[in-house]
Amino acid sequence: MSTVATKAFVMNSFPWKERHRLLHLLTPDLGLITALAPASERMRSEIRGATQLFSLSEFVLTVRQSRYSVRSASVIESFIEIAEDLDRLTAASHAAEVFTDVARHDEPNRALFELWAYSIYEISVSEYPVFVARMATFRLMVEIGLTPCLDSCVRCHGHVDEPFRFSFLEGGLLCGKEEFRKTQAEWTVLSHGTLALLRHIATSPYKKLFRFYASEEAQSEASDFADRWLEERMEKRYNRLALLEQNPTFSFS
Ligand SMILES: [Zn+2]
């Protein structure tokens, strides 16, 4: 048995065998790991804050046969605003699902940890948490090499001009010289503002990632684009955000 100390974000937390909990932890160096949070009352009260969903904490973990359990934990940042707002909570849950899917299949990746750190902070404070979650998952796709061609024609690498036609099938813009099938199922037209926004999200340093101005129209177009890009490239439906749209007047009464 050995111990390891690491910072980690709690990406998911669920009950396990009566009173224990299992945590999915996103760490800088170990990637995504599963850790058991033991059930003893003393332990539970001691580590409760540190094991809350979406908090960032410093963990000391014991490792036995590559199984982790929490020996002690102290909270660094709890992002309490997320639990108190349905939009933030849904946005964070959606982004966490995508980041977890990627981290589970990839080598440990410090960039992914950092991108999550910037994203969850922004989700906790932004006026547009759902939009931030969508842009965070779009940048994540870029980080793992699922990058759309947004600078030149995906076929001939020539200059692109308005109207900016984007082919989902081919994964990039098409210049005016290209023949393209006219079914809307395969392509979409991006406005100048939307394209500028998507380019910013795909390339800017994390520090400036969520520092942009975008019109409502560009936000809406970029959201549709990011959702479709995510689902087609990950070959999975992500349903959490749809719940918000179905329940615009959701109340706790
Ligand atoms: Zn071309």
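The secondary structure of the protein, seen here in a predicted model, comes to eight helices and nine strands. Along its principal axes, the C-alpha trace spans about 70 × 45 × 30 Å. The chain has 253 residues, of which 32% count as buried. Contacts can also be sorted by how far apart the partners lie in sequence: among those with a separation of 6 or more, 58% are between residues 24 or more positions apart.

A good place to begin a tour is the start of the chain. Met1 lies in the segment before strand β1. Is Met1 buried or exposed? Met1 has 7 other C-beta atoms within 10 Å, and since a residue with 12 or fewer counts as exposed, Met1 is exposed. Even so, Met1 has partners from elsewhere in the sequence: leaving aside neighbours within four places, this residue is in contact with Thr62, Val63 and Arg64. Leu22, in comparison, is 21 residues away from Met1 in sequence, and the two C-alpha atoms are 19 Å apart in space.

Next comes β1 itself, which covers residues 2–16 and pairs with two strands that can be taken in turn. With β4 (residues 56–64), strand β1 runs antiparallel, and eight bridges join the two. Within this pairing, Phe9 stands opposite Leu56 of β4. With β2 (residues 20–27), the pairing is again in the antiparallel sense, this time over seven bridges. Here Ser13 stands opposite Leu23 of β2. β1 and β2 also form a hairpin, with three residues between the strands. One residue of the turn, Lys17, has a positive phi of about 45°. When looking along strands like these, it helps to remember that side chains in a regular strand alternate between the two faces of the sheet.

Further along the chain there is an open sheet of four strands. Which order do the strands take? Reading across the sheet, the order is β6-β8-β7-β9, and the pairing is mixed. The edges are held by β6 (149–153) and β9 (187–190); each has a single partner strand, so one side of each is left without a neighbour in the sheet. On average, neighbouring strands of this sheet are turned by 35° against each other, direction ignored. Inside the order, β7 (residues 164–167) and β8 (residues 172–174) run antiparallel and are joined by three bridges. Ser167 stands opposite Gly172 in β8. The sheet also has a helix as a companion: α6 (residues 192–203) lies across β6, β7 and β9, running at about 115° to β6.

The last stop is a pair of helices. Helix α5 (residues 129–143) packs with helix α7 (residues 216–234), their axes being 9 Å apart and at an angle of about 45°. The two helices are therefore oblique to each other, and their crossing is left-handed. Which residues meet where α5 and α7 come together? On the α5 side they are Phe131, Arg134, Met135, Thr137, Phe138 and Met141, while α7 brings Gln219, Ser223, Ala226, Asp227, Trp229, Leu230 and Arg233. By character, the residues of this contact divide into seven nonpolar, three polar and three charged. Phe131 and Trp229 can be picked out in the structure as two of the residues taking part, one in α5 and the other in α7.

How values were computed: Residues numbered from 1 in each chain as written. Predicted model: local features only at pLDDT ≥ 70, side-chain atom pairs only at ≥ 80, totals over all residues. Axes fitted to C-alpha atoms, helices over the stretch in contact; angles between N-to-C directions. Parallel < 35°, antiparallel > 145°, perpendicular 65-115°, else oblique. Left-handed = near helix turned anticlockwise from the far one by under 90°. Contact = placed C-beta atoms within 7 Å. Nonpolar A, V, L, I, M, F, W, Y, C, P; charged D, E, K, R; others polar. Buried ≥ 20, exposed ≤ 12 C-beta atoms within 10 Å, placed from the backbone. Pairing = 2+ DSSP bridges.
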